[in-house]
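The following exercises ask the reader to work through the fold of a single protein chain. Each task is followed by a solution in steps.

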Amino acid sequence: MKSALKIMAALVMFVALFAGCGAKPDWQEYKSEEAGFSVMMPGKDVEVQSSSTSTAAGPIMIHMYSVSLSKAYYMVAYNEMSFLEGIELTDSDKDDILEGGVEGAIGTFPDGEFVYRRDITLRGHPGKEYRADGTKNGMEMVVFGKAYLVGTRLYQVMATTTKSDANDESIKKFMDSFKLL
């Protein structure tokens, strides 16, 4: 009887030790007062990058916050378009800016197609929500995205994964956690 208990205890310890090998990441709130947002990220190692690009309308500063895991890539980015300061944008102008962000996201898939795309809002700010499917490097991929125009900033929240992992609860958790500060 004692040897059976020892074997059971050893099995329980074995399962406990190796259960973490396939464990889901530890979700943490990532918050940036300067960037004006918070979001739940899978893990603490958020990579932060900034760059600038010139456009016909003016310079754009791009700030990206991302986490790359084996099953998915999570990113929040915002484009600072200071050349818009003081300009009264029409609803059509706002829609054009949002559509530009959405089209740019699907541009990473040469054969990408939208599964859905719809208008949304966040605290009164216009936005777009979408899902696009495509192929990249021979793999069927999916990108889920939301874009919001807030003053001179275009925020983009995106999760990219394989088509087989598209229904993973982590994607929804990430996408639904984005908040403006």
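The chain holds three helices and ten strands; the model is a predicted one.

**Exercise 1. State the order of the elements along the chain, and how much of the chain is buried.**

Solution. Begin at the N terminus and read the elements in turn: α-β-β-β-β-β-α-β-β-β-β-α-β. Next, consider burial, for which a residue must have under 20% relative accessible area. Of the 181 residues, 42% meet this condition. Finally, consider contacts between residues at least 6 apart in sequence: 45% of them join residues at least 24 apart.

**Exercise 2. Determine the strand order of the seven-stranded sheet and name its edge strands.**

Solution. Step one is the order, which is β3-β4-β5-β9-β8-β7-β6 in an open sheet with antiparallel pairing. Step two is the edges: β3 (47–54) and β6 (113–122) each pair on one side only. Step three is the twist, which averages 20° from one strand to the next.

**Exercise 3. For the pairs β4 with β5, β6 with β7, and β7 with β8, give the number of bridges.**

Solution. Take the pairs one at a time.

- β4 and β5 are antiparallel and share eight bridges. Here methionine 64 is placed opposite alanine 77 of β5.
- β6 and β7 are joined in the antiparallel sense by nine bridges, and isoleucine 120 faces glycine 127 of β7. Two residues lie between the strands of this hairpin, in which arginine 123 adopts a positive phi near 50°.
- β7 and β8 form an antiparallel pair with ten bridges, in which threonine 135 is opposite glutamate 140 of β8. This hairpin has two residues between its strands, and asparagine 137 has a positive phi near 50°.

**Exercise 4. Which strands does α2 lie across, and what angle does it make with β7?**

Solution. First list the strands: α2 lies across β6, β7 (125–136), β8 and β9. Then take the direction: α2 runs at about 20° to β7. A second helix, α3 (residues 169–177), also packs on this sheet, where it touches β5, β8 and β9. The direction of α3 makes about 175° with that of β9.

**Exercise 5. Describe the three-stranded sheet, and explain why one side of β1 and of β10 is left without a neighbour in the sheet.**

Solution. The strands are ordered β1-β2-β10 in an open, antiparallel sheet. β1 (27–32) and β10 (179–180) are the edge strands and have a single partner each, so one side of each lacks a neighbour in the sheet. Now examine the pairing of β1 with β2 (residues 37–42): the two run antiparallel and are joined by six bridges. Within this pair, lysine 31 is opposite serine 38 of β2. Helix α3 packs on this sheet, touching β1, β2 and β10, and its direction makes about 165° with that of β2.

**Exercise 6. Characterise the largest pocket by its volume and its lining.**

Solution. Start with the volume, about 380 Å³. Of its 18 lining residues, those closest to the centre are Tyr73, Met75, Ala105, Thr108 and Met158. Next, assign the lining to elements: β4 (59–68), β5 (72–80), α2 (91–106), β8 (139–150) and β9 (153–162) each contribute at least two residues. Last, sort the lining by character: eleven residues are nonpolar, six are polar and one is charged.

Terms used
Residues are numbered from 1 along each chain as its sequence is written. This is a predicted model: local features need pLDDT of at least 70, side-chain atom pairs count only at pLDDT 80 or more; totals for chains, interfaces and linings use all residues. Side-chain values use heavy atoms; hydrogens and water are left out. On a 1 Å grid over the protein atoms alone, a cavity is a set of points where a 1.4 Å probe fits but cannot get out, and a pocket is an open set with protein on both sides within 12 Å along at least five of seven lines; lining residues have an atom within 4 Å of a point. Grid points are joined across faces, edges and corners, and a volume is the space filled by probe spheres set on the points. Helices (H or I, at least four residues) and strands (E, at least two) are DSSP runs, numbered from the N terminus. Ala, Val, Leu, Ile, Met, Phe, Trp, Tyr, Cys and Pro count as nonpolar, Asp, Glu, Lys and Arg as charged, and the others, Gly among them, as polar. Two strands pair if DSSP finds at least two bridges between them. Axes are lines fitted to C-alpha atoms, for helices over the stretch in contact, and angles run from 0 to 180 degrees between N-to-C directions. Contact means heavy atoms within 4.5 Å. Buried means under 20% relative accessible area, exposed over 50%, partly exposed in between (1.4 Å probe, protein chains only).
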